[in-house]
There are 2 protein chains.
Amino acid sequence: MAKNEKVTIYDISKKLNISAATVSRALNNNPKISLKTRELVLKTAQELNYKQNRLALALKSGKTNSIGVIVPYINRNFFSAVIYGIEKLLAPHGYNVIICQSHEDANNEANHIAALLNTQVDGIFMSVSKTTQDTSHIEKILENGTPLIFFDRKKDIPGVSSVTIDDFRGGYMATEHLIQQGARRVAHFCGDLNLEIYRNRHNGYLKALEDYDIPLDNGLIVHTNSRIEAGADALAKLWSKKKRPDAIFSSSDYAALGAIQELRKLEVEIPDEVGVVGFSNEPFTKYMELPMSSVDQTPATMGELAAQVFLEQINNDQHVLSVEKRDVLAPELIVRRSSDKKRTLIGKHPVSKG
Amino acid sequence: MAKNEKVTIYDISKKLNISAATVSRALNNNPKISLKTRELVLKTAQELNYKQNRLALALKSGKTNSIGVIVPYINRNFFSAVIYGIEKLLAPHGYNVIICQSHEDANNEANHIAALLNTQVDGIFMSVSKTTQDTSHIEKILENGTPLIFFDRKKDIPGVSSVTIDDFRGGYMATEHLIQQGARRVAHFCGDLNLEIYRNRHNGYLKALEDYDIPLDNGLIVHTNSRIEAGADALAKLWSKKKRPDAIFSSSDYAALGAIQELRKLEVEIPDEVGVVGFSNEPFTKYMELPMSSVDQTPATMGELAAQVFLEQINNDQHVLSVEKRDVLAPELIVRRSSDKKRTLIGKHPVSKG
DNA sequence: AAATTGTTTGTAATCGATTGCACCAAATTA
DNA sequence: TAATTTGGTGCAATCGATTACAAACAATTT
């Protein structure tokens with residue numbers, strides 16, 4: 001019970017007058033050990049409160065039983081939910097999860113990767129930062145022979161598995177919903193096109209307009225980041241034009257929130273005059289006084305799936321990392337008051353949850 | 001460059017025809033090594049792309065250069081901000097941060113502690129879960145000789161350092177502010193009294209009433225957890241009584257949000273009829289259409305301070321853990337529209353930020 | 001030139017667990 | 001009874017880095 005009284009297999013072996021090798025084998029259920037010895041060892045191990053030293057094991061085996069997760073921020077509900085999914089699946093397998101935040105900075109990302117590789121994690125899960133252009137720091141993971149799994153925000157690197165949602169479909173559903181609500185001039189808050197997810201949402205938006213024979217007005221597409229202020233600015237820009245929108249599909253919940261705040265200042269009726277749909281289904285969208293429609297990315301599922309992909313990958317022939325998998329989940333459109341005119345007008349309206 | 005081509009000090013020693021000991025000393029700037037040898041080793045190490053194996057080092061030294069942080073949830077802004085503070089200070093010292101979520105469950109907490117001790121982290125930072133009564137699992141950390149630092153939510157265990165805010169003062173300031181805004185019937189949403197932080201906020205509330213000669217009405221104190229629904233329920237309960245409150249000090253931002261939503265449904269004017277102040281200054285409180293007053297806990301500072309305490313502790317005589325420190329930070333009252341009647345009435349009004 | 005000091009390097013043990021190989025005793029077969 | 005198989009253990013190397021101690025060599029003093 002005293003401090004630092006670390007019990008090793010040698011302590012057990014001395015007490016029982018057998019070799020440490022035998023103790024090790026007994027503890028690992030090696031079949032070549034007699035039942036009596038095994039039981040004796042197990043009993044003694046319990047008595048002495050033996051705990052396997054993971055460092056020694058790690059040094060010997062090269063496996064640390066810990067994995068790294070790199071996300072832009074941990075306090076975005078989306079990312080924390082993914083992390084939860086990963087933890088949930090991996091904890092029962094004895095993995096420790098090391099979480100790193102890039103703060104959307106490619107340099108931080110590179111530093112974290114270096115630290116994780118140095119720690120010799122057994123795998124890395126990541127959602128790349130917005131500022132990441134060059135991917136050489138990411139490729140170091142592969143050069144190191146460490147399994148890598150992208151989730152949500154990925155880069156196209158051959159041999160790397162990824163779990164994402166169908167952002168194209170998400171963008172399409174959101175836009176279609178607004179059109180079905182009667183909108184004819186749907187604006188789009190477009191995220192950084194450097195990231196695939198925003199490109200796909202944007203393309204979904206374009207396709208929906210096309211399918212519903214709505215002419216594209218490039219003036220309705222505003223490039224923003226996902227901050228509240230950016231959304232407010234974007235709305236101001238749209239409002240300063242002669243031809244204003246009658247709906248907004250924002251690729252970010254935060255930007256959508258900024259727009260809603262601005263619209264209310266301008267005393268514009270939501271959703272009657274302008275319908276709004278965000279993306280991510282952050283909890284606040286539900287709790288707003290005017291609850292916001294959004295596209296849910298099923299982050300917990302994404303995390304669990306990513307963890308599964310990892311487990312499959314390391315259970316395969318150790319070094320055949322070429323088992324590239326690309327899971328694409330279906331997004332869910334959650335319709336709330338910011339875009340639902342059912343009380344006021346219009347016939348057919350789709351999904352309604354949350 | 002190829003996979004798994006791990007370079008060790010032996011590779012360097014072979015290439016230079018010197019012993020591994022010399023290489024090790026050269027790399028560690030041991031003064032007993034000649035300049036030429038040192039430079040040669042350093043140069044060769046670079047050429048071969050040598051990376052120190054942290055596992056071997058950890059096994060030898062018993063230090064893993066990683067620390068564990070246990071929080072109830074990572075997606076509460078307060079906790080993620082503390083974590084950021086810890087990371088910021090510790091990363092330059094080469095520490096990896098392993099983050100665990102207890103989900104307010106004492107069992108999870110115990111499991112995470114066991115896992116962290118097994119990983120042989122160099123220290124543990126924790127904010128205890130609401131359901132934690134028995135502290136025997138926490139004391140295991142001390143028995144293990146591992147430094148432990150509480151932040152925000154602590155248990156009174158001798159020899160354990162802690163960094164908290166002055167919750168009493170926070171509760172006092174919030175209540176005083178409401179009184180100065182003209183309130184005479186201040187309700188209190190009281191958190192789980194099992195936790196010191198909620199007891200202190202509660203006591204601060206009581207003291208402010210006393211100091212301002214406002215009679216205590218126990219009917220105005222409602223016990224809630226920190227969920228939105230709980231706040232809504234609490235308000236409904238208060239509203240069903242004959243004597244309703246004219247202000248609410250909630251020990252949780254989430255419960256305060258629930259109350260505000262309910263008040264708006266009832267078409268009660270905020271802050272004119274009922275002023276509301278929350279606690280934590282979660283970001284949403286600022287972005288609400290009716291921005292909420294709250295008490296800021298300066299979480300980033302808290303994290304940095306906790307990290308500093310840790311560094312001091314391990315730099316002291318290794319095993320004198322008795323350097324117990326108790327840092328108490330000052331909370332900040334952030335006044336926003338949910339409680340600020342300055343437009344409408346009343347004279348003196350205090351701090352106003354955010 | 002011999003003795004002394006000081007600088008630089010090597011040898012080998014250590015941290016704790018795992019595992020290929022060798023070995024011995026008991027059980028089986030010839 | 002001798003030869004062979006089998007089950008159960010021990011020996012010793014290994015993972016990579018650190019470090020007391022010893023040894024070798026150079027520089028200095030007498």
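I will talk through how the two chains of this predicted model fit together, and then through some of the polar and charged pairs within each chain.

Let me begin with the relation between the two chains. Chain B is superposed on chain A by a rotation of 180 degrees, with 0.0 Å of shift along the axis and an RMSD of 0.1 Å, and the two copies are therefore related as by a two-fold rotation axis. The same surface serves both copies, in that 98% of the contact residues of chain B recur in chain A.

Now to the interface itself. On one side 48 residues of chain B are in contact with 47 residues of chain A, and the area buried between the two chains is about 4100 Å², with carbon and sulfur atoms giving 50% of that area. Three residues deserve to be pointed out, namely B:Leu55, B:Tyr287 and B:Glu289, which together supply 17% of the area that chain B buries against chain A, more than any other three residues.

What charged and polar pairs cross between the chains? Two salt bridges are counted between chain B and chain A, and there are 16 residue pairs in polar contact across the interface, with both residues at pLDDT 80 or more. If you would like to find a salt bridge on the screen, look at B:Arg264 and A:Glu289, whose closest N and O atoms are 2.0 Å apart in the model.

As for which elements take part, those giving two or more residues to the side of chain B that touches chain A include helix 4 (54-61), helix 5 (77-90), strand 2 (96-101) and helix 11 (253-265) of chain B. Strand 2 of chain B gives the largest share of that side, with six residues. Sorted by class, the side of chain B that touches chain A has 22 nonpolar, 17 polar and nine charged residues.

Let me turn to the salt bridges more broadly, of which the structure holds 28 over all chains. In chain A, the side chains of A:Asp211 and A:Lys207 meet in a salt bridge at 3.0 Å, N to O, and because these two residues lie four residues apart in helix 9 (residues 196-211) of chain A, they are separated by about one helical turn. A:Asp211 is partly exposed, with a relative accessible area of 35%, and A:Lys207 is likewise partly exposed, at 32%.

A second pair in chain A is A:Glu312 with A:Lys325, where the closest N and O atoms are 3.4 Å apart. This pair links distant parts of the chain, since A:Glu312 sits in helix 13 (residues 299-315) and A:Lys325 in the loop between helix 13 and strand 11 (326-329), 13 residues apart. A:Glu312 counts as partly exposed at 39% relative accessibility, and A:Lys325 as partly exposed at 31%.

The backbone of A:Lys325 has a partner too, for the side chain of A:Ser161 reaches its backbone nitrogen at 2.9 Å. A:Ser161 is found in strand 5 (residues 161-165) of chain A and is buried, with a relative accessible area of 0%.

Finally, in chain B, are the partners B:Lys154 and B:Glu196 buried or exposed? Both of them are buried, and they form a salt bridge with the closest N and O atoms 3.3 Å apart. In chain A, salt bridges that share partners join A:Lys154, A:Asp156, A:Glu196, A:Glu324 and A:Arg326 into one network.

Conventions. Residues are numbered from 1 along each chain as its sequence is written. Chains are lettered from A and ligands numbered from 1 in the order in which they are written. This is a predicted model: local features need pLDDT of at least 70, side-chain atom pairs count only at pLDDT 80 or more; totals for chains, interfaces and linings use all residues. Side-chain values use heavy atoms; hydrogens and water are left out. Buried means under 20% relative accessible area, exposed over 50%, partly exposed in between (1.4 Å probe, protein chains only). A polar contact is a pair of N or O atoms within 3.5 Å; within protein, one must be able to donate a hydrogen and the other to accept it, and residues adjacent in sequence count only if both atoms are side-chain atoms. Copies are superposed by least squares on the C-alpha atoms of residues with pLDDT of at least 70 in both. Contact means heavy atoms within 4.5 Å. Buried area is the accessible area (1.4 Å probe) that two parts lose on being put together, summed over both. A salt bridge is a side-chain nitrogen of Lys or Arg within 4 Å of a carboxyl oxygen of Asp or Glu. Ala, Val, Leu, Ile, Met, Phe, Trp, Tyr, Cys and Pro count as nonpolar, Asp, Glu, Lys and Arg as charged, and the others, Gly among them, as polar.
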